[in-house]
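Please examine the sequence and the structure shown below before attempting the exercises.

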Amino acid sequence: MSGALDSWEAARDFALTLPGTELSKHYGKPAVKVAANGRAFLGTGREGDTSFVLHIDIATAEMLMATGPETFWQTPHYEGYAAVLVRYDTPDPERVRDTIRLAHEQAAAMKPVVKRKR
């Protein structure tokens, strides 16, 4: 699959092609979740002008930042959390697609979200 993931819309549209996904909200912002368990794996994040956020395990996030810092990065807000920012202007959109697929697989394997009492 070719083509850039050069906007939130492009990343969202790709994520929605993965099995069992739905457009939803995460912390009040647009996100793509696994419908069966409510787990978000892709969102607009806090740096929406330049990047989207991918919810992925910490070890993978660290590896991605070490091997592809031109694409994968974090701000202090995300440090220590299972998330990595992905730049829209990546030179390797196929790697980003593969990483979105991995984040989707990880989210799909998790237990359902437990709703908090208010």
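The exercises below treat the sheet, the helices and one loop residue in turn.

The model is predicted, so local features need pLDDT of at least 70 and side-chain atom pairs count only at pLDDT 80 or more, while totals for chains, interfaces and linings use all residues. Residues are numbered from 1 along each chain as its sequence is written, and side-chain values use heavy atoms, with hydrogens and water left out.

**Exercise 1. The sheet**

Determine the order of the strands in the sheet and identify the edge strands.

Solution. Helices (H or I, at least four residues) and strands (E, at least two) are DSSP runs, numbered from the N terminus. Two strands pair if DSSP finds at least two bridges between them.

Step 1. Six strands make up an open sheet, ordered β1-β2-β3-β4-β6-β5, with antiparallel pairing.

Step 2. β1 (21-26) and β5 are the edge strands, since each pairs on one side only.

Step 3. β2 and β3 run antiparallel and are joined by four bridges; Val32 stands opposite Leu42 in β3. The hairpin of these two strands has four residues between them, and there Gly38 takes a positive phi near 75°.

Step 4. Two bridges link β3 and β4 in the antiparallel sense, and Gly43 has Val53 in β4 as its bridge partner.

Step 5. β5 and β6 are likewise antiparallel, over two bridges, with Trp73 opposite Leu85 in β6.

**Exercise 2. Helix α2**

Establish which residues of helix α2 are buried and which elements they pack against.

Solution. Buried means under 20% relative accessible area, exposed over 50%, and partly exposed in between (1.4 Å probe, protein chains only). Contact means heavy atoms within 4.5 Å.

Step 1. In α2 (residues 58-67), the buried residues are Thr60, Ala61 and Leu64. They cover an arc of only 100° around the axis, which puts them on the same side of α2; the arc is that of the directions from the helix axis to the C-beta atoms.

Step 2. Ala59 and Ala66, on the other side of α2, are exposed.

Step 3. The packing partners of the buried residues of α2 are β5 (72-73), β6 (84-87) and α3 (93-108).

**Exercise 3. Helix α3**

Describe the span of α3 and the placement of its buried residues.

Solution. The expected span of a helix is 1.5 Å times one less than its number of residues.

Step 1. With 16 residues, α3 reaches 22 Å from its first C-alpha to its last, close to the 22 Å expected at 1.5 Å a residue.

Step 2. Val96, Arg97, Thr99, Ile100, Ala103, His104 and Ala107 are the buried residues of α3. These fall within an arc of 165° when seen down the axis of α3, so they line one face of the helix.

**Exercise 4. Thr50**

Locate Thr50 and state which residues are in contact with it beyond its neighbours within four places in sequence.

Solution. Step 1. Thr50 lies in the loop between β3 and β4 and is partly exposed, with a relative accessible area of 41%.

Step 2. Leaving aside those neighbours, Thr50 is in contact with Trp73, Val86, Arg87 and Tyr88. Thr50 and Val86 are 36 residues apart in sequence, yet 8.3 Å apart in space, C-alpha to C-alpha.
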